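Reader: Please take one part of this model and walk me through it closely. I would like the salt bridges, with their surroundings.

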Amino acid sequence: MTDVPSMYPSLLYRDAKAAIELLTGAFGFTRGPVFEGEGGTVEHAELSFGNGTVMLGSKGRGGQFDEAMADSGPSSVYVVVADVDAHHQRAAEHGAEILMPPTDQDYGSRDYTARDPEGNIWAFGTYVPGAHR
């Protein structure tokens, strides 16, 4: 298995700049390239956490992906973190809406969940998919 992910969640936001601020400030993502279009829309942005990356952009900028996502509802993204409690504390201090505080799960993970301002659910935990095969 390589360190290069083969899947990249892609989300569109009404206010992509605010989403970038929340993901970097509250959740500790690292800002990568951000390409802006006319009027300050975010055409494409990449935010990384560990060896994973989420791609995002502004809703209403046109194009096939934007049209396909126009009526989509919120999404959910799971992110593996080493220290759930410290990560949760950072998110809470930055005003993230916490839906579930750090909780030990029956399957051995410790998780918490939060919602971003546009309704997407972000889960952070110690469970690593595929590590128990």
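Author: What follows goes through the salt bridges, then a helix, a sheet and one loop residue.

This is a predicted model, in which local features need pLDDT of at least 70, side-chain atom pairs count only at pLDDT 80 or more, and totals for chains, interfaces and linings use all residues. Residues are numbered from 1 along each chain as its sequence is written, and side-chain values use heavy atoms, with hydrogens and water left out.

A salt bridge here is a side-chain nitrogen of Lys or Arg within 4 Å of a carboxyl oxygen of Asp or Glu. By this rule the count is 5. Helices (H or I, at least four residues) and strands (E, at least two) are DSSP runs, numbered from the N terminus. Buried means under 20% relative accessible area, exposed over 50%, and partly exposed in between (1.4 Å probe, protein chains only).

Take Lys17 and Glu36. Their closest N and O atoms are 3.4 Å apart. The pair links distant parts of the chain: Lys17 sits in helix α1 (residues 16-25) and Glu36 in strand β2 (residues 30-36), 19 residues apart. Lys17 is partly exposed, at 39% relative accessible area. Glu36 is partly exposed too, at 48%.

Next come Arg61 and Glu43. Their side chains form a salt bridge at 3.7 Å, N to O. Arg61 lies in the loop between β4 (52-58) and α2 (64-69), while Glu43 belongs to strand β3 (residues 42-49), 18 residues apart. Arg61 is partly exposed at 25%. Glu43 is partly exposed at 34%.

Now Arg110 and Asp85. This salt bridge spans 2.9 Å, N to O. Arg110 is in strand β7 (residues 110-115), and Asp85 is in helix α3 (residues 84-93), 25 residues apart. Arg110 counts as partly exposed at 23%. Asp85 does so at 35%. Shared partners join Asp85, Asp104 and Arg110 into one network of salt bridges.

Back to α1, the helix of Lys17. Of its 10 residues, 7 are buried, so α1 is largely enclosed by the rest of the structure. The buried residues are Ala16, Ala19, Ile20, Leu22, Leu23, Thr24 and Gly25. They pack against β1 (10-13), β2, β3, β4, α3 and β8 (121-125). Contact means heavy atoms within 4.5 Å.

Strand β7, which holds Arg110, belongs to an open sheet of 4 strands in the order β5-β8-β7-β6, with mixed pairing. Two strands pair if DSSP finds at least two bridges between them. The edge strands are β5 (76-80) and β6 (97-104), each pairing on one side only. The twist averages 15° from one strand to the next; axes are lines fitted to C-alpha atoms, for helices over the stretch in contact, and angles run from 0 to 180 degrees between N-to-C directions. β7 and β8 run antiparallel, joined by 5 bridges. Ala114 stands opposite Trp122 in β8.

Last, Ser109. This residue is in the loop between β6 and β7. Ser109 is buried, at 2% relative accessibility. Its side chain makes a polar contact with the side chain of Asp111 at 2.5 Å. A polar contact is a pair of N or O atoms within 3.5 Å; within protein, one must be able to donate a hydrogen and the other to accept it, and residues adjacent in sequence count only if both atoms are side-chain atoms. The backbone nitrogen of Tyr127 lies 3.0 Å from a polar atom of the Ser109 side chain. Not counting residues up to four places away in sequence, Ser109 touches Tyr78, Thr103, Asp104, Gly125, Thr126 and Tyr127. Among these is Asp104, a member of the salt-bridge network.
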